[in-house]
Amino acid sequence: MLVHKPSRNDRAKTVTGGYADGVISEDKMLRELQFARAAESSSARDWGWPAKSSQMAGGCNSFRAIWVRESYLNVFTQVNRSLGIGHVRYPTMGTASASEAQPLYVNAPFGIALTVNGNVINTEELRRYLDEEAHRHINSDSDSELLLNVFAHGLHKLGRTRAKVDDIFSALGDVYSRCHGAFACTAMIAGFGILAFRDADGIRPLCIGSRPSATIPGVYDYFMASESVVLQQLGFRDIVDILPGQAVFCPKGGTPIFRQVVPRRGYTPDTFEYIYVARLESWIDGISVYRSRQKMGEKLAEKIKCVLGEKGVEEVDAIIPVPETSNVAAAALAQKLGKPYVTALVKNRYVHRTFILPDQAARLKSVRRKFSFVESEFQGKNLVIVDDSIVRGTTSRQIVQLAREAGALRVVFVSCSPPCTHPHIISRTVLVGISVHCTNLQTGVKVVTLTYEALIAYNRTQREIADYLGADEVVFLDVDGENGLKAACIEAAQGETPIKNMEIGVFTGEYVTGLPDGYLENLSDLRSGRRPQKDGFEGQKAGEDEDRSVAARPAPAGLPCSGDAATPDHREDINLYNVASEPIDRER
């Protein structure tokens, strides 16, 4: 998300400057985010001169497929851009349709584009509000579109012909009061500026940084992103976290303005960012992802001593990580136990994260292509295999089978996370884990339903889990206590930290945001196509109106600052070169 700021003494000439920097930055930003967080779509929207208009590029596929193979960057070559936002996405609400690829856009008021990382959980309440009170038409099932329209209506109620900075923060008051959930958002008000804001519990990550322009002396660029590594890779410094309930607005040609829109309810970042989602190089809310995973490994060593006993630990021949997110934890675990750290499982570098795949059959097939093994390091040995988490057990079970085929005598399977017993309502990480594909008997269409039973740890003992995986033992990190997950993350903070608790609902069922009655059932109905159509919209396609037209605190130290597209075929693997793979068979 780029805002290019001219120097004070050259503002008139450089107010729309920074086009060259912008193209390179937005291209690289989306690439870095996809490598960090995976994606089924990748899109960007920019505002520039001389057209004084907003342009969109992107769609449903990997970054490479959209931005390199199809050369969408050429869309912007005729515009000197000063503002832009981008997004990589896999759908947590709604579908994988191109109509739901972000940034989402409404034309009134002022022309607003929005990106969201997270989930809004009171969607039915918001739909009623927008329909009955705000009288705003919703084009899709995306919860992000609901949030966008709540913000847009908040601005509309002010009755301005031109937006003012205070109006932006005032309209955010509606978002915080009406939208419940976990979200980190950026928005672009066409020709006016870029806005970033974060939920009042600080669950989803968001940061901002600055750098001097590479092309225009005295000019600063500002970037907001979900992970600090994106900013670091692009040469941005003075990176600070946007705080819970806080917003920052960067007006075109100005400097960032921070505002605490609502009081902070808590400071509870999501533990899965540190376990799995975020890249090692990132710092989130003052906590190093790398160090947190080291701490997880050290604390797992203590848990393994308790489970296996002294004799069991002595019999271990090697510690083997499941590459790549468990590498650091496994290395720390091996060092703590005094055992060899052996990278005998080899990951195919062209196959990326498999949790995003749409069904069980695809996941099973992909695991075999994703991993191979160094047979000599398995044969006749007692092994501890370390993975970041166990959700359905698909990958874990296949890996244990690989180890057995390679000749391992004993396999202890270890998870850096506690048992996942509930859906991860603020991220797709475990929502996908509990999705089951089946056939709608009325329509014959393959659809998605959600079931707790698909989670391997749901209502199962650790012995039952081990038996299912084919392992001799299974060991999970605890949630609480001095050797628990929360302690591992908090101890990885640099200096004093305001974080005393974390979002752990996926392990306990107790969510920071709460869970509305019927939320999962509604989500299942939405994904399976069982949601009834509203009267009057039977023949209307997503993204169209009835007439077939598209609806439209003080600043942190160190930061320069002043006060109907068709649903695409899912691919077997989400990877760098997935653009030519065949559509999968979605039968279980």
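Trainee: What makes the packing of helix α4 and α5 oblique in this predicted model?

Mentor: Helix α4 (residues 123-133) and α5 pack at an angle of about 40 degrees, and their axes are 10 Å apart. Angles under 35 degrees count as roughly parallel and those from 65 to 115 as roughly perpendicular, while the rest, up to 145, count as oblique. The two helices are therefore oblique to each other. Their crossing is left-handed.

Trainee: Which residues make the contact between α4 and α5?

Mentor: On the α4 side they are T123, L126, R127, Y129 and L130. The α5 side supplies D143, L146, N149, V150 and H153.

Trainee: Where does helix α5 lie with respect to the strands?

Mentor: Helix α5 (residues 143-156) lies across β5, β6 (112-120), β7 and β8, and runs at about 130 degrees to β6. Those strands belong to an open sheet of six, ordered β5-β6-β7-β8-β12-β13, with antiparallel pairing.

Trainee: Why are β5 and β13 called the edge strands?

Mentor: Each of them, β5 (104-106) and β13 (257-260), pairs on one side only. From one strand to the next, the twist averages 20 degrees.

Trainee: How do you know that β7 and β8 pair?

Mentor: Pairing requires at least two bridges. Six bridges join β7 (residues 181-189) to β8 (residues 193-198), and therefore the criterion is met. In this antiparallel arrangement, A187 stands opposite L195 of β8. The hairpin of β7 and β8 has three residues between the strands, and G191 takes a positive phi near 75 degrees there.

Trainee: How many bridges does β8 form with β12?

Mentor: Five bridges link β8 to strand β12 (residues 246-251), in the antiparallel sense. Within β12, C250 is the bridge partner of I194.

Trainee: What makes β8 largely enclosed by the rest of the structure?

Mentor: A residue is buried if its relative accessible area is under 20%. Six of the six residues of β8 are buried, so the strand is largely enclosed. G193, L195 and F197 point one way from β8, whereas I194, A196 and R198 point the other way.

Trainee: Why is β20 described as largely enclosed?

Mentor: Five of the six residues of β20 are buried, so the same conclusion, largely enclosed by the rest of the structure, is drawn for this strand. β20 pairs with β19 in the parallel sense over six bridges, and V414 of β20 is the bridge partner of V386.

Trainee: Which elements supply the largest nonpolar core?

Mentor: At least two residues each come from α8 (271-277), α9 (289-314), α10 (327-337), β19 (382-387), β20 (410-415), α15 (485-490) and α16 (505-508). The largest share, seven residues, comes from α9. This core has 45 residues, and M296, I304, I319, L333, V384 and F507 have the most contacts inside it. Apart from it lies another core, of 36 residues, among them I112, F151, A171 and A200.

Trainee: Which residues does F507 touch?

Mentor: Not counting residues up to four places away in sequence, F507 touches T271, F272, I275, S417, P418, P419, C420, T421, V479 and L485.

Trainee: Why is Q233 called partly exposed?

Mentor: Its relative accessible area is 48%. Buried means under 20% and exposed means over 50%, with partly exposed in between. The value for Q233 falls between these limits, and therefore Q233 is partly exposed. Q233 is found in helix α7 (residues 228-233). Q233 and E281 are 48 residues apart in sequence and 10.0 Å apart in space, C-alpha to C-alpha.

Methods. Residues numbered from 1 in each chain as written. Predicted model: local features only at pLDDT ≥ 70, side-chain atom pairs only at ≥ 80, totals over all residues. Heavy atoms only, no water. Helix = DSSP H or I, 4+ residues; strand = E, 2+ residues; numbered from the N terminus. Axes fitted to C-alpha atoms, helices over the stretch in contact; angles between N-to-C directions. Contact = heavy atoms within 4.5 Å. Buried < 20%, exposed > 50% of the residue type's maximum accessible area, 1.4 Å probe, protein only. Core = buried A, V, L, I, M, F, W, Y, C linked by side-chain atoms within 4.5 Å. Left-handed = near helix turned anticlockwise from the far one by under 90°.
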